[in-house]
Each structure stands twice: as structure tokens, then as C-alpha cells.
Amino acid sequence: MTEILFYHIERGAPSDVLPGLLERTLSRGWTAVVRCRDEGELRALDDHLWTYHDESFLPHGAGAADERVPVWLTTGDELPKGRDVLFALSAETFRPEGLNGLTRAVLMFGASDAPAAREAWKAVKGAGAEATYWKQDEDGRWVKAG
């Protein structure tokens, strides 16, 4: 069964915390799909992942899925075979019914997206799936809250 995590971003935007989460994902030997709201968000994230840190980058791609690329950015609903983790950058891009085959699914949301995230939480729990809620502490670290 897919492990479902809700990450409530209280400081910054998904693009601020996503690189660290992707680094941890890749360090486990997993691959990821990052589902963006639109092409503008995808392009901005694509640029950010190449430049977010002076001494490293996250290997990623967009467009046609390529199994050799460990992080794939998309605006679509497809989940290429063999991917381990989905990062949905908003509640509108999270599809609880389409998570089969994943190790983990992460819904990242901020205050403006909280009502839709609550509805996604209810849908996940209503389907009998397990989910955990994480929020940032005052130092920006993730703390399990539910």
C-alpha cells in the first residue's frame, strides 16, 4: 500500500523545500514524479532544480518520460511505470485514486491550498488509506503532527 504524506508548508513555497525532499528520495534509491499545476510552475521548477545550490543539482527532466531520469517533472496525471514517489505541488494536482504502485505519495500545500488539502485528506481517509500529516517547526524542520 502506498504511504501517503501531507506536507503543510508554513515557510516559503513548495519549490523552497522540494529540493531537500528530492535529495532524500534519491538517496534511498527511489525515483520521483513531481506534478506541477501548469507549464509556468514546471518551467520555474525546472530552472530552480538546476540552480538551487551552488555545489550540486538534482538530475531531472520534463516532457516525455525517460526511465533513466530519476526526477521527472510533469503537469499531467500519468505516473510512469517504475516510479517510487509522487510529489503533488498542490491539492489540485493530487489524485488519491491514482496512487497504486507507488511507494509514497506526498501532497505539498500552503495556507491558501489548505481547504482543498483537507478535502484530499478526507478522501484518502474515507478510502481506508493511511496518511500522515507533517508541518514545519520554527526551524523549518518537518515534524509529524498526525
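**Figure 1. Contacts across the whole chain.** In this predicted model, residues 24 or more positions apart account for 61% of the contacts in the protein with a separation of 6 or more. Buried residues make up 45% of the 146 residues. Along the principal axes, the C-alpha atoms fill a box of roughly 40 × 35 × 30 Å. The radius of gyration is 14 Å, which agrees with the value near 15 Å for a compact globule of 146 residues.

**Figure 2. The order of helices and strands.** Follow the chain from the N terminus and you will meet the elements as β-α-β-α-β-β-β-β-α-β-β. That makes three helices and eight strands. How confident is the prediction? The protein averages a pLDDT of 90, and 99% of the residues score at least 70. Among the elements, strand 5 has the highest mean pLDDT, 97, while strand 3 (residues 60-62) has the lowest, 91.

**Figure 3. Strand 7 and its two partners.** Start with strand 1 (residues 3-8), which pairs with strand 7 (residues 131-136) in the parallel sense over five bridges. Within this pairing, Phe-6 has Tyr-133 of strand 7 as its bridge partner. Strand 7 also pairs with strand 8 (residues 142-144), here in the antiparallel sense and over three bridges. Look for Trp-134, which stands opposite Lys-144 of strand 8. Five residues lie between strand 7 and strand 8 in this hairpin, and Gly-140 in the turn has a positive phi of about 85 degrees.

**Figure 4. The largest nonpolar core.** Here you can explore a core of 23 residues. Which residues have the most contacts inside it? They are Leu-18, Leu-22, Val-34, Leu-45, Phe-87 and Met-108. Several elements each supply at least two residues of this core, among them strand 1, helix 1 (14-27), helix 2 (39-51) and strand 6 (104-109). Helix 1 gives the largest share, four residues. To see one member up close, find Leu-22: leaving aside neighbours within four places in sequence, Leu-22 is in contact with Ala-32, Val-34, Leu-49, Leu-58, Val-71 and Phe-87.

**Figure 5. A second nonpolar core.** This core is separate from the largest one and has 19 residues. Phe-6, Leu-102, Leu-107 and Ala-117 are among them. You have already met Phe-6 as the bridge partner of Tyr-133.

**Figure 6. Arg-83 in its loop.** Arg-83 is found between strand 4 and strand 5. Is this arginine buried or exposed? Arg-83 counts as buried because its relative accessibility is 5%, below the 20% cut-off. The side chain of Arg-83 reaches the backbone oxygen of Ala-32 at 3.2 Å. Not counting residues up to four places away in sequence, Arg-83 touches a list of residues that includes Thr-31, Ala-32, Val-33, Asp-66, Glu-67, Trp-72 and Leu-102.

**Figure 7. Trp-30 and residues from elsewhere in the chain.** Trp-30 lies in the loop between helix 1 and strand 2. Its relative accessibility of 19% means that Trp-30 counts as buried, since the cut-off is under 20%. Where does the chain come back to this tryptophan? Although Trp-30 and Val-85 are 55 residues apart along the chain, their C-alpha atoms are separated by 7.2 Å. Leaving out residues up to four places away in sequence, Trp-30 touches Thr-25, Asp-84, Val-85, Thr-103 and Arg-104.

Methods: Residues are numbered from 1 along each chain as its sequence is written. This is a predicted model: local features need pLDDT of at least 70, side-chain atom pairs count only at pLDDT 80 or more; totals for chains, interfaces and linings use all residues. Side-chain values use heavy atoms; hydrogens and water are left out. Two strands pair if DSSP finds at least two bridges between them. A nonpolar core is a set of buried Ala, Val, Leu, Ile, Met, Phe, Trp, Tyr and Cys residues joined through side-chain atoms within 4.5 Å. Buried means under 20% relative accessible area, exposed over 50%, partly exposed in between (1.4 Å probe, protein chains only). Contact means heavy atoms within 4.5 Å. A polar contact is a pair of N or O atoms within 3.5 Å; within protein, one must be able to donate a hydrogen and the other to accept it, and residues adjacent in sequence count only if both atoms are side-chain atoms. pLDDT is the predictor's confidence in each residue, from 0 to 100. The radius of gyration is taken over C-alpha atoms; the globule rule is 2.2 Å times the number of residues to the power 0.38.
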